[in-house]
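User: I'm new to this structure and would like a close look at a single part of it. Could you walk me through the part you choose, along with the contacts and bonds you find elsewhere?

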Amino acid sequence: MVAIGDREDVVLRDGSTLGLRPTTATDESELLEFFERLSPESRYLRFQGAVRVDSHLISSFLRSDGDESLSLIGELIDENGAVRVIGLGTWVRLRDPSRAEVAFVVADEFQRRGIASRLLERLSAHARAAGIDRFVAQVLPENAAMLRVFGDTGFEVRRRYVGGVVEVEFALTSSAEVLDRIAQRDHSAVAASLELFFKPASVAVIGASARRGTIGGELFRNVIAGDFAGAAYPVNQKGAPVGGVPGYRSIEDIPASVDLAVVCVPGEQVLDATQSALRAGVRAICVISAGFAETGSEGLERQTQLLALVRSYGARLIGPNCLGVASAACRLNATFARSAFPSGRTAFSSQSGALGLALLEQADARGLGLSAFVSIGNKADVSSNDLLEYWEDDPETDVVLLYLESFGNPRKFARVAGRVARSKPILAMRSGTSKAGARAAASHTAALAGSDVVIDALFREAGVLRATTLQELLDTAVLLTSLPATAGDRVAVLTNAGGLGILCADACEAHGLVLPELTPETRAVLAEGVPKEASLANPIDLLGSANAATYERAIGPILADPNVDALIALFVPPVVEDPRTVQDLLARCAEESDKPLLSVVMSADGSTHGGFEYPESAAHALGLAAQRAAWLRRPAGTTPDVDVDFARARAIIDAAGEGWLDADDAHALLEAYGIPLVGERRAATADEAAAAAERLGLPAVVKTAAAGAHKTESGGVALDLRTADEVREAAARMGGPVIVQQFLTEGAELLAGIVQDPVFGPLVAFGPGGVLAELIGSANFALAPLTDVDASELLGTGKAAKLVDGWRGAPAADRPALTNLLHRLSRLAVDLPEVTELDLNPVLAGPDGCVAVDMRVRIGRPAPAASPKTW
């Protein structure tokens, strides 16, 4: 679903799109015409009997305030260019304010396309936002289509017969079943909507000049040169032929239907050219032209108009400001790249046209073939999320490459990519990671939550492999498409140069790979076939005299070793051996092996002979492949339910203004969510502080009660106060109200917290704590809500894991207690998006539990939901 102002666009079962919007007072005539066009049977089923369609009936659908009632109409532009209402869905709140009655009707000629399901889906979402918990509906028994729509939602629908009608009722819960049904509808619909971009029977290039050197002209010539399997039509102002193909002055003059229109005209002419294509029946538009959102506010407005125009006809849009689209399935090269891309089984989406061109050239040099290439440009409509939906079921695609500059809907990306990655590896490269987040972070948690850290968390959850350079992207793609998948992270290194082997071993360990010992049986076999001076430790050094025959005797036993998941073979040729001979041997062994064998064959001048360029290149690619193997073994996990006092917490948030909560409210909020807190007392005077310390027990801690203060930096904390006089003196020095706590020293100092990222949503942080938290900078992040697997990984990775396990003789921390803490923070982050930052620093964790000894909670306006750039 995509929202443009008050309009929501949904994609339907057949791949077309439909605009939904609330009714207004000006819709009376359109609704009257809609009901008059309905067949008598459809009117009978909607209103459960004969009904007169008049202004009184229509007026009931125009009172749509989104609180007491809501009516959504679905509209399209028909073949005559007129806007037509083709569907109407309505809910009206009942006397019980938690319940609403729902109904919908679709024009007869548009039924069975999924419109009613999409109407119900969006009506449910708006009703939940209005505080409605349940829908009820009165349905005639013969209205099987409407009953089927309710049954297909995934909601737990209860039916009963009352007075000759079926009363349907269900709770508007976002259960796993409901979300799964929505995801299934999205997947099949989005995939269908992109079919014409990848398998068009005909293409028109608008702006295809006969003059050489122009973008449109060269793009059209690329279509012809690529031996496109369908019909291609050049469109230009003079109707001149291009490349020997007859031209047309307008796409509307083409005597045949056109599936895909590629627009290559100046930016200010794009809207007219696109409208002409849409009037001609085109439903797949690719806009190459620049001059849109990338140029500023005026261009952004033009882009908004372009998207609204495309959506109003039920079409899809790639671009604007893009390089084009190519598909091996129909030999389509509708790009202005200088050369055609090699055919293969890797699909590539790039937000950058320049990087796309660079990868196309390098892919050819590396022998990496592509099944499809899409430059999404400004991604006004089609995004990487959409392309993942299509490539998931594409039989021509085995691996997906993504170059990303921004995220429109990262939560949707995580869901879709996580599903696709189960069957097809996804490799991604993301730019713009050198700056930590743009917001001014005031808490330790927010300061640690740089955009790069969050993206790592997103990719880790979704099983996306992250490359940091174009070479890494290509190296890993070559490995994944040409070699067997590795079963694990245990790698053997075979070399004829000791130094090269050490470099490779270091690179392997740096990228999470393990160099195991070979079994005694393997070493015994190797000893019979290699020089006696060779080193049979891992790396295995065959010495500089090794030739192809020596490598052949060693490779088989190493790959057969049960301790080895993969082999990296390095070779620097001596004078007596031709490197091509060894490379040919390694290529043959790799093809015959069921384990990955990566080769690095170098000459004395530094040139390579196939395989990987450097040992580090092979190690990094194999490290990413091993990450995928580990992710595939990772259990899905479940989100445990925790008991919280939501009503109490909600009341605290509603009563608070924006900014830092004072100490009492922060304590009460965390208490409502069951966060373990150290005992404390608030004191207004120095004498009250001394008395509180004696009641709690000395030694004590005195802290300023000022909301949100960084206490250490501001001198607002005094520790290990052993007498009432020391407490009194510290409280007097701080002035104003103070917080008195018992001084605790046992346990590892950890940090736990949450932050609401404006793009990625709620995040949970866990890492080393105390005053050096930001300096150490090793907090890990995960997207909320956390599963039990997510929580376990937060506790078990990074520097904090060493503290949890017991650092330098300290007792191990109570893992169940820390796990419970993380789940409670996760629940709070999801339930209360107004909590924009929350620090628990430090959390003292010992063998018998954990307790937060300092807290800071910041309240703000919830960030808008992640921009729904994708369906």
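Analyst: Happy to help: here is a walk through one sheet, followed by the charged pairs and the cysteines. Please keep in mind that this is a predicted model.

Let's begin with the sheet. It is an open sheet of seven strands, with mixed pairing, and the strands follow the order 16-15-18-17-19-20-21. Which strands stand at the edges? They are strand 16 (332-335) and strand 21 (465-467). Each of these has a single partner strand, so one side of each is left without a neighbour in the sheet. On average, neighbouring strands here are turned by 20° against each other, direction ignored.

If you zoom in on one edge, you will find strand 21 beside strand 20 (residues 426-430), and the two pair in the parallel sense over three bridges. To see this pairing at the level of residues, look for M429, which stands opposite A467 in strand 21. Now bring a helix into view. Helix 11 (residues 353-366) packs on the sheet, where it touches strand 17 (343-350), strand 18 (370-375), strand 19 (399-404) and strand 20. The direction of helix 11 makes about 160° with that of strand 17.

From the sheet we can move on to the charged pairs. Side chains of opposite charge can pair when their charged atoms come close. In this model, there are 54 salt bridges, and three of them make good examples.

Start with E33 and R37, a salt bridge whose closest N and O atoms are 2.6 Å apart. Both residues belong to helix 1 (residues 28-37), and they are four residues apart, about one turn of the helix. As for their surroundings, E33 is partly exposed at a relative accessible area of 33%, and R37 is partly exposed too, at 27%.

For the next example, turn to helix 6 (residues 176-193), where E177 and R181 both lie, four residues apart, about one turn of the helix. They form a salt bridge in which the closest N and O atoms are 2.8 Å apart. E177 is partly exposed, with a relative accessible area of 36%, while R181 counts as partly exposed at 24%.

The third example links two helices. R648 forms a salt bridge with E671, with 3.0 Å between the closest N and O atoms. R648 lies in helix 22 (residues 646-655) and E671 in helix 23 (residues 663-672), so the pair ties together parts that are 23 residues apart in sequence. R648 has 33% relative accessibility and counts as partly exposed; E671, at 42%, counts as partly exposed as well. Salt bridges can also share partners, and in this way R7, D9, R311, R316, D381 and D386 are joined into one network.

Finally, a word on the cysteines. A disulfide is a covalent bond between the sulfur atoms of two cysteines. How many disulfides does a search of the whole structure find? The search finds zero. Take C322, whose closest cysteine sulfur is in C286: the two sulfurs are 3.8 Å apart, too far for a bond, because a disulfide needs the sulfur atoms within 2.5 Å. C322 counts as buried, at 5% relative accessibility. For C589, the closest cysteine sulfur is in C504, at 17 Å, which is also too far for a bond. C589 counts as buried, with 11% relative accessibility.

Methods
Residues numbered from 1 in each chain as written. Predicted model: local features only at pLDDT ≥ 70, side-chain atom pairs only at ≥ 80, totals over all residues. Heavy atoms only, no water. Salt bridge = Lys/Arg side-chain N within 4 Å of Asp/Glu carboxyl O. Buried < 20%, exposed > 50% of the residue type's maximum accessible area, 1.4 Å probe, protein only. Pairing = 2+ DSSP bridges. Axes fitted to C-alpha atoms, helices over the stretch in contact; angles between N-to-C directions. Contact = heavy atoms within 4.5 Å.
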